[in-house]
Amino acid sequence: MHMKDSLINFLYDKKYFINIYDEYIHVFNYEELIGLSSKKIELKFSNFKLVIDGENLFINKMFPNEMLIKGTINKVGFVYE
């Protein structure tokens, strides 16, 4: 196995991951996009919901079960159901 493949397997060997940066959030392995507006984005995971509150939020890139959200992020919360 090449070093690149090993690194990718290491990084993606998780049920999910959420990387939060100053003006964007990278989300991997969510199940469903529940809500989308310029002030709030909600994503469903297997046992919780991710709620992102902010201003001028938008989906910059979206792939199956992976997305990059940009905008002014004010609050990130988890709702367990």
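In the next few minutes I will walk through the fold of this protein, from its overall layout to its sheet, its core and its aromatic rings.

Please keep in mind throughout that what we are looking at is a predicted model. The protein contains 1 helix and 6 strands, and if you follow the sequence from its start you meet them in the pattern α-β-β-β-β-β-β. Of the 81 residues in the protein, 32% are buried. The accessible surface of the protein comes to about 5700 Å², and carbon and sulfur atoms account for 53% of that surface. If we take the contacts between residues at least 6 apart in sequence, 40% of them join residues at least 24 apart.

Let me turn to the sheet. As a reminder for those new to this, strands of a sheet pair through backbone hydrogen bonds, and the pairing can be either parallel or antiparallel. Here the 6 strands form an open sheet in the order 1-2-6-5-4-3, with antiparallel pairing. Strand 1, residues 17-20, and strand 3, residues 32-36, stand at the edges with a single partner strand each, so one side of each has no neighbour in the sheet. On average, and ignoring direction, neighbouring strands of this sheet are turned by 40° against each other.

Which strands does strand 6 pair with in the sheet order? Strand 6, which covers residues 66-80, is joined to strand 2, residues 24-28, by 5 bridges, and the two run antiparallel; within that pairing, Tyr24 stands opposite Lys70. Strand 6 is also joined to strand 5, residues 48-63, by 13 bridges, again in an antiparallel arrangement. Along this second pairing, Phe48 has Tyr80 as its bridge partner, and Ile52 stands opposite Val76. Strand 5 and strand 6 form a hairpin with 2 residues between the strands, and in that hairpin Asn65 takes a positive phi near 65°.

Now to the interior. The largest nonpolar core has 14 residues, and those with the most contacts inside it are Ile18, Val27, Leu43, Phe45, Leu50 and Ile52. At least two residues of this core come from each of strand 2, strand 4 (40-44), strand 5 and strand 6, and strand 5 gives the most, with 4 residues. Ile52 is a good residue to find on your screen, since we have already met it opposite Val76. Leaving out residues up to four places away in sequence, Ile52 touches Ile25, Lys39, Lys40, Ile41, Leu57, Ile69, Ile73 and Lys75.

Finally, the aromatic rings. A pair of aromatic rings is described by the distance of the centres and the angle of the planes. The count for this protein comes to 7 aromatic pairs. One of them is formed by Phe48 and Phe78, whose rings lie 5.4 Å apart from centre to centre with 65° between the planes, an edge-to-face arrangement. This pair links distant parts of the chain, with Phe48 in strand 5 and Phe78 in strand 6, 30 residues apart.

Is Phe48 buried or exposed? Phe48 has 1% relative accessibility, and because buried means under 20%, Phe48 counts as buried. Phe78, at 42% relative accessibility, counts as partly exposed, because that class lies between 20% and 50%. Both residues also belong to one aromatic cluster, which is made up of Tyr16, Phe45, Phe48, Phe78 and Tyr80. Two of these names should sound familiar, for Phe45 appeared in the core and Tyr80 appeared as the bridge partner of Phe48.

Note on methods:
Residues numbered from 1 in each chain as written. Predicted model: local features only at pLDDT ≥ 70, side-chain atom pairs only at ≥ 80, totals over all residues. Heavy atoms only, no water. Pairing = 2+ DSSP bridges. Axes fitted to C-alpha atoms, helices over the stretch in contact; angles between N-to-C directions. Core = buried A, V, L, I, M, F, W, Y, C linked by side-chain atoms within 4.5 Å. Buried < 20%, exposed > 50% of the residue type's maximum accessible area, 1.4 Å probe, protein only. Contact = heavy atoms within 4.5 Å. Areas by Shrake-Rupley, 256 points an atom, 1.4 Å probe, with all protein chains shown as cover. Phe/Tyr/Trp six-rings, centres within 6.5 Å; stacked < 30°, edge-to-face > 60°.
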